[in-house]
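Welcome! Here are some exercises to work through with the structure beside you. Try each task before you read its solution.

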Amino acid sequence: KDDTAPEPKSNLDLDEQRGQIQKKQSDLKKEYQALMEEKAKLTEESKEKKSAEDSLKLNQKIKNLNKKLTQYDEKRKALNSEIEAFNNRMSKTKEDA
């Protein structure tokens, strides 16, 4: 048993957590896309006036967002597994009744 996460009180708690993570993930994807667009713009402008430092900072932001996105994806997968296990337990309880 995984002791790192508290036992969910209900399927609604898990759904709420999953919804929050999916929203954060969506927000991070939007921010990532905006940064990619900004990077493309800066890359084009850098041919004339932007320094390599700006590009390095932007690349670091993108790396950090990718890490966060991966973390949220892992959390979402873990929550999905918890929901599935919870549903399986509920089905078994109903069958035993």
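A residue counts as buried under 20% relative accessible area, exposed over 50%, and partly exposed in between, with a 1.4 Å probe and protein chains only. The model is predicted, so local features need pLDDT of at least 70 and side-chain atom pairs count only at pLDDT 80 or more, while totals for chains, interfaces and linings use all residues. Residues are numbered from 1 along each chain as its sequence is written, and side-chain values use heavy atoms, with hydrogens and water left out.

**Exercise 1: the overall picture**

Find out how many helices and strands the chain has, and what share of its residues is buried.

*Solution.*
Step 1. Helices (H or I, at least four residues) and strands (E, at least two) are DSSP runs, numbered from the N terminus. The chain has 2 helices and 0 strands.
Step 2. Among its 97 residues, 15% are buried.
Step 3. Now look at contacts, meaning heavy atoms within 4.5 Å. Taking the contacts with a separation of 6 or more, 81% are between residues 24 or more positions apart.
Step 4. The accessible surface, from the Shrake-Rupley method with a 1.4 Å probe and, for residues, only the protein chains shown as cover, is about 7,700 Å². Carbon and sulfur atoms hold 49% of that surface.

**Exercise 2: the second helix and the core**

Work out how far α2 reaches and which residues in α2 are buried.

*Solution.*
Step 1. Helix α2 has 45 residues and spans 66 Å from its first C-alpha to its last. This is close to the expected 66 Å at 1.5 Å a residue, where the expected span is 1.5 Å times one less than the number of residues.
Step 2. The buried residues in α2 are Leu58, Ile62, Leu65, Leu69, Tyr72, Leu79, Ile83 and Phe86.
Step 3. A nonpolar core is a set of buried Ala, Val, Leu, Ile, Met, Phe, Trp, Tyr and Cys residues joined through side-chain atoms within 4.5 Å. The largest one has 13 residues, and Leu14, Leu28, Leu35 and Leu58 touch the most other members. Both α1 and α2 (52-96) supply at least two residues each to this core, and α2 gives the most, with 8 residues.
Step 4. In soluble globular proteins, nonpolar side chains tend to be buried together.
Step 5. Zoom in on leucine 58: neighbours within four places in sequence aside, leucine 58 is in contact with Leu35, Glu38, Lys39 and Leu42.

**Exercise 3: a buried glutamine**

Is glutamine 25 buried or exposed, and which residues does glutamine 25 touch?

*Solution.*
Step 1. Locate glutamine 25 in helix α1 (residues 11-46).
Step 2. Glutamine 25 counts as buried because its relative accessibility is 8%.
Step 3. Not counting residues up to four places away in sequence, glutamine 25 touches Leu69, Tyr72, Asp73 and Arg76.
Step 4. The side chains of glutamine 25 and aspartate 73 make a polar contact of 3.3 Å. Such a contact is a pair of N or O atoms within 3.5 Å; within protein, one must be able to donate a hydrogen and the other to accept it, and residues adjacent in sequence count only if both atoms are side-chain atoms.

**Exercise 4: salt bridges**

Count the salt bridges, then examine the pair aspartate 27 and lysine 23.

*Solution.*
Step 1. A salt bridge is a side-chain nitrogen of Lys or Arg within 4 Å of a carboxyl oxygen of Asp or Glu. This rule gives 4 salt bridges.
Step 2. In the bridge between aspartate 27 and lysine 23, the closest N and O atoms are 3.0 Å apart. The two residues are about one helical turn apart because they sit 4 residues apart in helix α1.
Step 3. Lysine 23 counts as exposed, at 52% relative accessibility, whereas aspartate 27 is partly exposed at 35%.
Step 4. Arginine 76 forms a salt bridge with aspartate 73, with the closest N and O atoms 2.5 Å apart. Shared partners join Asp73, Arg76 and Lys77 into one salt-bridge network.

**Exercise 5: far in sequence**

What is the C-alpha distance between phenylalanine 86 and leucine 14?

*Solution.*
Step 1. Phenylalanine 86 is in helix α2 and is buried, with 12% relative accessibility.
Step 2. Phenylalanine 86 and leucine 14 are 72 residues apart in sequence, and their C-alpha atoms are 9.3 Å apart in space.
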